Amino acid sequence: MTELELRDLRKTYRARGRPPVDAVRGLDLGLRSGELLGLLGPSGCGKSTTLRMIAGLETVTGGDILVGGASVTDRPARRRNIGVAFENYALYPPLTVRENLAFGLRARRRADRGDVERKVARIAERVGLTAVLDARPAALSSGQKQRVSLARALVREPDVLLLDEPLSHLDAAQRDTTRRELKRIQRDLGHTAILVTHDQEEALSLADRIAVMRDGVIEQLGTPYEVYDHPATVFVADFVGEPAINLLPATTGPDGRARLSAEVLLPLPVPLPAGREIVVGVRPEDIALTGGDGIPARVLAHEPLLESGLATLTLDGVTDPVVALTEPGTRLAHDALVRVTADPRLTHVFDAETGVSLR
């Protein structure tokens, strides 16, 4: 069943004396019941605006929003039964955790006092807040505040859960722990959810599917594996992946290889006519350092990172350096000469003009 559907959703901002700004330009999207979708993209791509339109916090310029098959576009936020966990927590400082969780239920007047208390106690136990129910937000850690924000969205038993950059204010250790807890809670409760984030690690680890946004449109929609292994455009390939993919301009040669320079030729995964301008993409983990045959490369720098390493290499006649992931224990001296290979089955090819994948 499709729990949430966006049909040609659009948002245009207009200000006196200024040209209109199209923040969201015709989004078509459907979420199955219990699915977690990651809206991933850089700042200004329209992902938060999309979330705010779904929640009813922004008016819709065009298109429709359906929840459970019924349009909610003209309903005010209070009548949509959509839970939102905000980036800045948005907690009420004078209220205790218990009172923060109960506030929305009491404001809506849809449950008696005993029912409110039971719901608050149940969700507090689920997200690990029972011990701090009588504390105020000022006494909580960032991780606890984030759990309160999440619990407040969940306690209303929403049809759709919206998570707006939920981990952005946490340090690395808290982020890892909270991410695992968030995924467990969403799976256990079975909520249909949208995660808005610019952090690819969050999206790749949490989401069932990812919609990569750019300039108000979806560049690619797919599972984390599909988006990572088969990027549809140069933008998606460059945005998803850490360390970032190597993107190298090239021209196709008559022998079916990509000519990065007069000295450097790479085999391609697909046959292309000679003389075509392309961009070759090779992820650092797909570049192998070999002791025998391969393309000569010189070590510009090597960063040993314990579990792996990053080697920055220069290739003859190629302007941009290439980054390769090295195995644990590898030691490479500055200016050392090495040889590298790239598996054509793992090489990406994009049209130089449109940026669209040619695979």
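Which residue in β8 is the bridge partner of aspartate 164? The partner is valine 196. The model is predicted: local features need pLDDT of at least 70, side-chain atom pairs count only at pLDDT 80 or more, and totals for chains, interfaces and linings use all residues. Residues are numbered from 1 along each chain as its sequence is written, and side-chain values use heavy atoms, with hydrogens and water left out.

Strands here are DSSP runs of E with at least two residues, and helices are runs of H or I with at least four, numbered from the N terminus. Two strands pair if DSSP finds at least two bridges between them. Strand β8 has these neighbours:

| Strand | Bridges to β8 | Direction | Partner pair |
|---|---|---|---|
| β3 (residues 36-40) | five bridges | parallel | leucine 39 and valine 196 |
| β7 (residues 160-164) | five bridges | parallel | aspartate 164 and valine 196 |

From β7 the chain passes through helix α5 (residues 172-189) to β8, and this β-α-β crossover is right-handed, that is, clockwise from the first strand over the helix to the second with the strands pointing away from the viewer.

Six of the six residues of β8 (residues 192-197) are buried, so the strand is largely enclosed by the rest of the structure. Buried means under 20% relative accessible area, with a 1.4 Å probe and protein chains only. In a regular strand the side chains alternate between the two faces of the sheet. On one side of β8, Thr192, Ile194 and Val196 are buried, and on the other Ala193, Leu195 and Thr197 are buried.

Technical notes. Buried means under 20% relative accessible area, exposed over 50%, partly exposed in between (1.4 Å probe, protein chains only).
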